[in-house]
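Hi,

Here is the structure I promised to pass on. Have a look at it first, and my notes come right after.

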Amino acid sequence: MGRSDAVIERAKKAAGQKRATRKKTSAKKAKKSSSKKSTSKAKKPAAKKKKEETISHADRAHALLSASGSKQWINCPGSINAGRDIPEPPEGPWAAEGTHAHEYSEQLLVQIFKDYPGVSEYTGHKEIEAKDREMSNFIAAYVTYILNQTLENEKVEVVDVFIEKKLTLCPERDMYGTADFIAIIKAPDGNLYGLIIDLKYGSGVFVIAKDNPQLEYYACALIETFPQYDLKGVKVHIFQPRIKCKEGPGRWDYFPAEDLKLIREEILHNADIALNADPKDPSNFEAGEHCRFCKCKDSCITYAAHHVKSVEADFAEFDELEKGQTPELSHDTVLRILGNKDKIKKAIEIVEKYCFEMAMQGHLIPGTKCVHKQKRKRWRTDVEVDEIAKSLRNRGVKNPYKEPQLIPFKDVDDEIGKKMCEDLKEQPEPEIAIALSSDKRPEVDATTGRLKD
Ligand code: SF4
């Protein structure tokens, strides 16, 4: 039995126990109410949901002012209008892995919570396997975490569950987000509370729960989407299994309903600033770690300047180069520059492109000028190649044609199939490069060129 199967078995058991407790409790209540007429208002059943409100992770559309992008547009309001005409970038391998993990977890959660009305209408998930054992274990841990907060938590009753549910914060501004897992919980005080659990499958950036705009957005949107529950507060968890930290993979924040009214007002205020921000006004842009998923990143001058600035001081140590000396770099400088290598290269590209575009529009930036790139002669294009070769032979060149190179492996594989000519390939000694110690490739001994033990 795999770890995921074991989790499902455990969940079934917990669900069975909850059902039994629910039956007992409702039987008791029924008895009480028949002997004593209750004057309290009966809770309205949840409104029947439309199917389009639940959607598979891969098919999620992103709102312009989305929950997941809120950190970006709150910190950099100009990014919304600047990015309007920029298409979404294609899904990279890390994002695809995250989508796979989410879809796999949806599938498990749907099996576990299928008796709840919010889940029985769910149609989005596909039948998929975990990509590997690592994914299976991490998702089993995520599902176990959800069980601990719901079916295995004896203090609460789970009233309803929603998976991959679209939560609308403000329909007029088209503001919505899709939450991975939602439960409506009845607490021992008799009131209903919202529970949202958000899976973060990335391992690159540690995501905090406190003061997290995405979680605040979800919490407000849950209250807006389900007014019929009269929720007294919302607890929002992040579960990030692939980053090891003291606190463990799960962390949370809690918002009383009263606070969420004010938080919602603030989010809508920031949304209006972003919707009205002039993309030509540099004061509307602010770079920072929120640029990470911004689609303007490849052409944003504020982003480029930010990265150049972050290592500017380090380049002072290179002044010695001008005096013909080898610079003595501090270890910190080496690590900072190598760690920002790609960003620095990108920043230079963006700045050059920006300056060139300004020059083309007649606004040369003071201190810059346009020059010719290095000139390289080439064979005349107005004369046939054979004519040039003939002429070269006549002048004493024995073979005017360079030996043609062999075609790339990929072209051969496409033509006759993969692995049909492995015997003709060899693995040359790879060149050695410097990388940060966090790099995933195995370490090589620089003096021998061999892999270290
Ligand atoms: S890359 Fe950063 S600074 Fe530039 S628009 Fe996007 S969020 Fe703003």
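Below is what I found, starting with the ground rules.

This is a predicted model, where local features need pLDDT of at least 70 and side-chain atom pairs count only at pLDDT 80 or more, while totals for chains, interfaces and linings use all residues. Residues are numbered from 1 along each chain as its sequence is written.

The protein chain has 14 helices and 5 strands (DSSP runs numbered from the N terminus: H or I of at least four residues for helices, E of at least two for strands). Of its 453 residues, 26% are buried (20 or more other C-beta atoms within 10 Å of the residue's own, with C-beta atoms placed from the backbone). Among contacts with a separation of 6 or more, 69% link residues 24 or more positions apart (contact: C-beta atoms, placed from the backbone, within 7 Å).

Now the strands. Strand 2 (residues 175–186) has 11 of its 12 residues buried. Strand 2 runs antiparallel to strand 1 (residues 157–170), with 11 bridges joining them, and also pairs antiparallel with strand 3 (residues 192–199) over 6 bridges (pairing takes at least two DSSP bridges). Ile 185 is a handy landmark: it sits opposite Val 158, and its bridge partner in strand 3 is Tyr 193. Both connections are hairpins: strands 1 and 2 have 4 residues between them, with Asp 174 at a positive phi near 50°, and strands 2 and 3 have 5, with Gly 190 in the turn at a positive phi of about 90°.

On to the packing. The largest nonpolar core has 68 residues, and Ile 139, Ile 196, Tyr 218, Ala 219, Leu 222 and Val 234 touch the most other members (a core is a set of buried Ala, Val, Leu, Ile, Met, Phe, Trp, Tyr and Cys residues joined through C-beta atoms within 7 Å). Apart from that core lies another, of 9 residues, including Cys 291 and Tyr 303.

And the ligand? Which residues come nearest? Of the 15 around the ligand, they are Cys 76, Ser 79, Cys 291, Cys 294 and Cys 300 (near: C-beta atom, placed from the backbone, within 6 Å). Helix 3 (78–82) and helix 9 (301–312) are the elements giving two or more residues to this shell, and helix 3 has the largest share, 3 residues. Domain 1 (3–23 + 49–276) and domain 2 (288–360) each supply at least three; the bounds come from an automatic or database assignment.

Cheers

How values were computed
Contact = placed C-beta atoms within 7 Å.
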